[in-house]
Amino acid sequence: MKTLRDEIDMEKLPVHIAIIMDGNGRWAKKRFLPRKFGHKAGADTLENITKAADKLGVKHLTVYAFSTENWKRTEEEVKGIMDLLRSYLDRYIAKADKENIKIDIIGEKSRLDADIQEKIKKIEILSADKPGLNLHIALNYGGRDDILRGIQKIAKKVEAGELKADDITEEMISESLDTGFYPDPELVIRTSGEERISNFLLWQIAYSEFVFNKKLWPDYTEEDLYEDICYYQNRDRRFGGR
Ligand code: IPE
Ligand code: IPE
Ligand code: MG
C-alpha cells in the first residue's frame, strides 16, 4: 500500500525544517488535565518527530520549546516545563552512545538554571560527533533577542576597529545569529491552528514556506509531518522572480 511517506519527493526534501510546537495547554484542557500533562505529551511527540525526521534524512530540525515571552506564565508551569527539559536531557545523556542525533540549544542560556546549563554543555559534547539529524532546541529563544545579540557581536567588532560599518554584509548578520552556520529553514510548521510567528526565527524566515497545521502538538504524528512536507513540496517558490 502506498503511504504519504512514498509521496515525498526526496530530491526536494527540505534541508531545514523549523517547528513551532504549539497546543500542549489546549490538549490537556480538552482532557480536563493540568497543563503539565500537555507538556509531557508534547515532549513525547518531539521524540517521535525527531526520529521520523532523522529517518527521512532531514539534516536540520529547529524546534521552539520555550520563548523569551514564556517566562510570563505561572511559576508552576515554567517549573514544570524546566523539569521536563531536565528529564529529556538526562534521558539523552543516559543513552547517548546509542543515539544517532546531534543536539544543540539555541537561545539565551544564561537565564536558565545552572544545572540545566550544565546538562546542555554535556549533551552538546556527547552528541557532537553523531552522524544523524541536527536537532536545534530553541530555549529562552526570541527572534528579536537573537538579532539583538547578533548586532551586539558585530558592533563590538566595529568598536574595536576590526570592521567598518559600511562593510557589514547580510552574511555577517546571518552568521552572528544563533543559527550561525546552518541554512535558513525552507519550511516552518506551526501546530494548533494559530497563524503567527510569536517571535520565532525572524531574520531566518525571509523566504520560508509556512504550513499551519490544525492538530495540537501532542496529537501531531509522523504521518502529519509527511503530509506537511508534501504540502510544502507542491508550493511554487519564486524568491521574487517570476
Ligand atoms: C506550546 O504549547 C508549548 C510552550 C509554549 C512551552 P502551549 O503551552 O502554548 O499550549 P496552548 O497554546 O496553551 O494550547
Ligand atoms: C510559541 O507559542 C512558543 C512556543 C511554542 C515555545 P506560544 O503559545 O507561547 O505563543 P502565543 O502566545 O500563542 O503567541
Ligand atoms: Mg500556545
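A helix here is a DSSP run of H or I that is at least four residues long, numbered from the N terminus. Keep in mind that this is a predicted model.

**Exercise 1. Place aspartate 145 and work out what surrounds it.**

Step 1: start with the secondary structure. Aspartate 145 sits in helix α6, which covers residues 143-159.

Step 2: look for a polar partner. The side chains of aspartate 145 and arginine 149 are joined by a polar contact of 2.8 Å. The cut-off for such a pair of N or O atoms is 3.5 Å, so the 2.8 Å pair qualifies.

Step 3: skip residues up to four places away in sequence and see what is left. Aspartate 145 then touches Thr68 and Glu108.

**Exercise 2. Describe the largest pocket: its volume, its lining and the elements behind it.**

Step 1: get the volume, which is about 710 Å³.

Step 2: go through the lining. The largest pocket has 30 lining residues, and Met21, Asn24, Tyr64, Ala65 and Asn70 are the ones nearest its centre.

Step 3: map the lining onto elements. Two or more residues each come from α2 (24-30), α3 (35-56), β2 (60-67), α4 (75-94) and β4 (134-141). The top contributor to this lining is α3, with 5 residues.

Step 4: sort the lining by class. You get 14 nonpolar, 8 polar and 8 charged residues.

**Exercise 3. Do likewise for the second largest pocket.**

Step 1: its volume comes out at about 210 Å³.

Step 2: 13 residues line the second largest pocket, with Glu47, Thr50, Lys51, Glu99 and Ile101 nearest the centre.

Step 3: the elements that supply two or more of these lining residues are α3 and α4. Here α3 gives the most, with 5 residues.

Step 4: the class split for the second largest pocket is 5 nonpolar, 2 polar and 6 charged residues.

**Exercise 4. Find out which residues hug ligand 1, and how much of the ligand the protein covers.**

Step 1: list the neighbours. There are 13 residues around ligand 1, and Asp22, Gly25, Arg26, Arg35 and Arg73 come nearest.

Step 2: check the side-chain distances. An oxygen atom of ligand 1 lies 2.7 Å from a side-chain N or O atom of arginine 26. For aspartate 22, the distance from a ligand oxygen to a side-chain N or O atom is 2.9 Å.

Step 3: add the backbone. A polar backbone atom of glycine 23 is 3.4 Å from an oxygen atom of ligand 1.

Step 4: finish with coverage. On its own, ligand 1 has 370 Å² of accessible area, and the protein covers 85% of that.

Methods. Residues numbered from 1 in each chain as written. Chains lettered and ligands numbered in written order. Predicted model: local features only at pLDDT ≥ 70, side-chain atom pairs only at ≥ 80, totals over all residues. Heavy atoms only, no water. Polar contact = N/O pair within 3.5 Å; in protein donor to acceptor, adjacent residues only side chain to side chain. Contact = heavy atoms within 4.5 Å. 1 Å grid on protein atoms, 1.4 Å probe; cavity = no way out; pocket = protein on both sides within 12 Å on 5 of 7 lines; lining within 4 Å. Points joined across faces, edges and corners; volume = space filled by probe spheres on them. Nonpolar A, V, L, I, M, F, W, Y, C, P; charged D, E, K, R; others polar. Near = heavy atom within 4 Å. Areas by Shrake-Rupley, 256 points an atom, 1.4 Å probe, with all protein chains shown as cover.
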